[in-house]
Amino acid sequence: MDTPLTEATLAEELHALRERLLLMGARAEQMLAGAMRAALEQNAELAVEIIALDVDVDQDELDVDQRCTAVLGRWQLSGAELRFVIFALKIVTDLERMADLSTSICKRVIENQDATAEEFESHVL
């Protein structure tokens with residue numbers, strides 16, 4: 001049975017999209033902060049934990065894209081609602097890229113876990 005298309009339904013869909021986007025942003029932020037900490041402390045265990053989060057961010061990206069597509073397909077948006085969905089479609093790519101860059105930093109930490117601080121710095125920079 002299809003959900004009736006009401007303003008309340010639209011508000012619920014936009015709220016769910018907003019919540020998922022905020023969750024994704026928090027994960028990307030957590031990954032970046034963790035990657036920087038892993039690099040500064042040369043902590044390979046932390047780097048492995050951060051890399052594992054990338055799967056969640058990838059799933060978040062797919063979910064946000066799907067939600068945006070569904071909202072655009074179901075509703076004739078205008079004004080602030082349309083701007084929000086377009087914003088979500090644009091920022092989701094940047095957040096996923098942040099997570100990928102964090103993963104790359106962590107892979108470098110793992111590759112150079114036995115290096116001295118000077119050697120590590122020369123490889124990373």
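These legends go with several close-up views of a predicted model.

Residues are numbered from 1 along each chain as its sequence is written, and side-chain values use heavy atoms, with hydrogens and water left out. Since this is a predicted model, local features need pLDDT of at least 70 and side-chain atom pairs count only at pLDDT 80 or more, while totals for chains, interfaces and linings use all residues.

**View 1. The fold is built from four helices and zero strands.** Reading from the N terminus, the elements go α-α-α-α. Helices (H or I, at least four residues) and strands (E, at least two) are DSSP runs, numbered from the N terminus. Of the 125 residues in the chain, 34% are buried; that means under 20% relative accessible area, with exposed over 50% and partly exposed in between (1.4 Å probe, protein chains only).

**View 2. Gln42 sits in the loop between α1 and α2.** Its phi is near 50 degrees, a positive value in a residue other than glycine. Most residues other than glycine have a negative phi. Gln42 counts as partly exposed because its relative accessibility is 26%.

**View 3. Helix α2 starts with a contact from Asn43.** A side-chain oxygen of Asn43 comes to within 3.1 Å of the backbone nitrogen of Glu45. The helix itself covers residues 44-74, 31 in number, and spans 46 Å from first C-alpha to last, close to the 45 Å expected at 1.5 Å a residue. That expected span is 1.5 Å times one less than the number of residues.

**View 4. Helix α3 takes in residues 79-111.** With 33 residues, α3 reaches 49 Å from its first C-alpha to its last, close to the expected 48 Å. Its buried residues include Phe84, Val85, Leu95, Glu96 and Cys106.

**View 5. Here are two cysteines, Cys68 and Cys106.** Are they buried or exposed? Cys68 is buried, at 0% relative accessibility, and Cys106 is buried at 0% too. How many disulfides does the count come to? Zero, where a disulfide is a pair of cysteine sulfur atoms within 2.5 Å.

**View 6. Leu32, Met36 and Met98 make a nonpolar patch on the surface.** Together they offer about 230 Å² of accessible area, worked out by the Shrake-Rupley method with a 1.4 Å probe; for residues, only the protein chains shown count as cover. Patches are made of residues with over 30% relative accessible area and no salt bridge (a side-chain nitrogen of Lys or Arg within 4 Å of a carboxyl oxygen of Asp or Glu). Like charges are joined within 9 Å, and nonpolar side chains (Val, Leu, Ile, Met, Phe, Trp, Tyr) within 5 Å. Met36 belongs to helix α1 (residues 7-41) and is partly exposed, at 41% relative accessible area.

How values were computed. A polar contact is a pair of N or O atoms within 3.5 Å; within protein, one must be able to donate a hydrogen and the other to accept it, and residues adjacent in sequence count only if both atoms are side-chain atoms.
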